[in-house]
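Visitor: Could you take me on a close look at the largest pocket of this protein? I would like to know what lines the largest pocket and which residues lie nearest its centre.

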Amino acid sequence: MADKEYTQNIKQICELLQSDPTPEVIQGLRDAFETLGKQLKAGPFLEVFEATLSSIPFSALFSLLAAPDNKLIVTVAEVTGQLLKPVTWEMVHQTFEEYIVQGLAHPHPVVKTLVLRQFLKCEDKTAPFSTHYGPNVWKCLEGPKENEATHLAKQVLIHLSDKGILMEYLLSEESVSTIKQLLAGNASQRFRVYDVVVSAIKNTDSAFEFFRQEGIMDRFLQEGDTSDVLVAMNFYELLPTLCQSSVTYEYLDSSAVFTDALAQVDLSNTEPSVTSSLLRVSILKLFSRMADAEGISPPDFYGKYAIAPKMAGLIEESDDMDLKVTAIACIGAIGNNPKALGYLAQEKTALDALAAAYKSSYGQLRVECLRAIACIFGYSLTPSGELSQTCYDLYTKLDQIQFLVAVTKEIMKGFEDTGIAGLAVIEKMVRHAWGLHEVASYRNILNFLLMRDSSREKTVQKWQYSVLEAIVNAPDARKEFAEDVWTQLTQYVKDGPYYAAASAQVALGSAS
């Protein structure tokens, strides 16, 4: 019986491996390994896998990764990666520990990524590991620009942190020395390290205490005191994640980080420029994201750092459209948190500014207003009590039924962004008892919702369906509608968002 093609190819590789590494042999190995890679992909994988490793051990493959030929290294690394796919972390560690360390220090990025991917198989804190890996994995973060190896190294370190391995194995004295060397590099390199540090701190307060004692937290704080806007933006981006713990929040709070950030929002503090606008946008997003930081009390935080009136001021006074849009979006994001919404209700100026902005807005600014209003109305899947009253008060500021009429007109214009934003508002409204009553009382919006139109964008049809589903599922919804209307509502929901009947669909009868 003739040998299969992959068997013949494997034999050829074995013969070439016994030969002197002439240019012809190197070229032959390149071609043969490229073919083997295709054969592994074509399968049957297990059959080719077993045939390969019975003739070519991993040690031979790893030796080839040190060959003085980049094209051969790339081809062999690809084949080795395929052969390692079914191999568990335990087996990788026990068999290839020496090769792992060598591979992490390899000058070619394809070998580094091959080795780094193996660490993602490590899924358990009790899995075997080595402290020798730590400095070498951290070292893979090095580089002036992001590339596949640095990105994967960061992913690996965050993964190992999530699995509880980082604190025990990856913070040896040598690892910490490597970290500090990396923090002497450029901003891109430093923030790769900070991303890992922040991820570790998010998982355990002991990580924060370790990094604080090592001076790494103090080094991080220095990033906020900079004239480099991009560095400052990256710094602010990480703060809410750090504040998932009250311990870390108290450290940052005592360092005046939020006081300094708040001071930079004032329009009077700097001349208008692209960089000052970018910085303010970043700070506004910081304060909005703090609403969901588990280490703080939103009412206490926003009471201490009065960002809401500053957002209101930007909406009312700034000529910078990006700042206006961001301030509006941030009010919505803050108001989507129930505890923070209570603060906005007491503070008043932000919600007043949002209502005023909606009334005078058009185009993209109106879309952003609608999105923010939807966020606030949607603070809970089952709204009730004082916060539902807060939403009704905002609805009153928006002129109640006139607002619903205007939103309906926006939806019916057929523009996707505006339509989806308007439908989102209504979908959140009907979760409130008052909102359901308002929508049930306005026939035009019900007519639109019950009229199927396949020419509408799929996303709009989906949102249209979501509104009707929310109506049908709302408590006491049945008593808000006449029998024939309720039948149409429930049938629509039963049929799904994209149902197409054989004959034309008819909404509520025009005759009454």
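Guide: Here is a walk through that pocket, followed by a short stop at the second largest one. The model is a predicted one, in which local features need pLDDT of at least 70, side-chain atom pairs count only at pLDDT 80 or more, and totals for chains, interfaces and linings use all residues. Residues are numbered from 1 along each chain as its sequence is written, and side-chain values use heavy atoms, with hydrogens and water left out.

A pocket here is an open set of points on a 1 Å grid over the protein atoms alone, where a 1.4 Å probe fits, with protein on both sides within 12 Å along at least five of seven lines; lining residues have an atom within 4 Å of a point. The largest pocket has a volume of about 320 Å³, counted as the space filled by probe spheres set on the points, which are joined across faces, edges and corners.

Its lining consists of 18 residues, and nearest the centre lie Val 430, Arg 431, His 432, Ala 474 and Pro 475. Two helices, α28 (433-440) and α30 (458-473), each supply at least two lining residues, and α30 gives the most, with four. Helices are DSSP runs (H or I, at least four residues), numbered from the N terminus. By class, the lining holds eight nonpolar, four polar and six charged residues; Ala, Val, Leu, Ile, Met, Phe, Trp, Tyr, Cys and Pro count as nonpolar, Asp, Glu, Lys and Arg as charged, and the others, Gly among them, as polar.

The second largest pocket holds about 260 Å³ of space. Its lining has 13 residues, with Ala 77, Glu 78, Gly 81, Leu 114 and Arg 117 closest to the centre.
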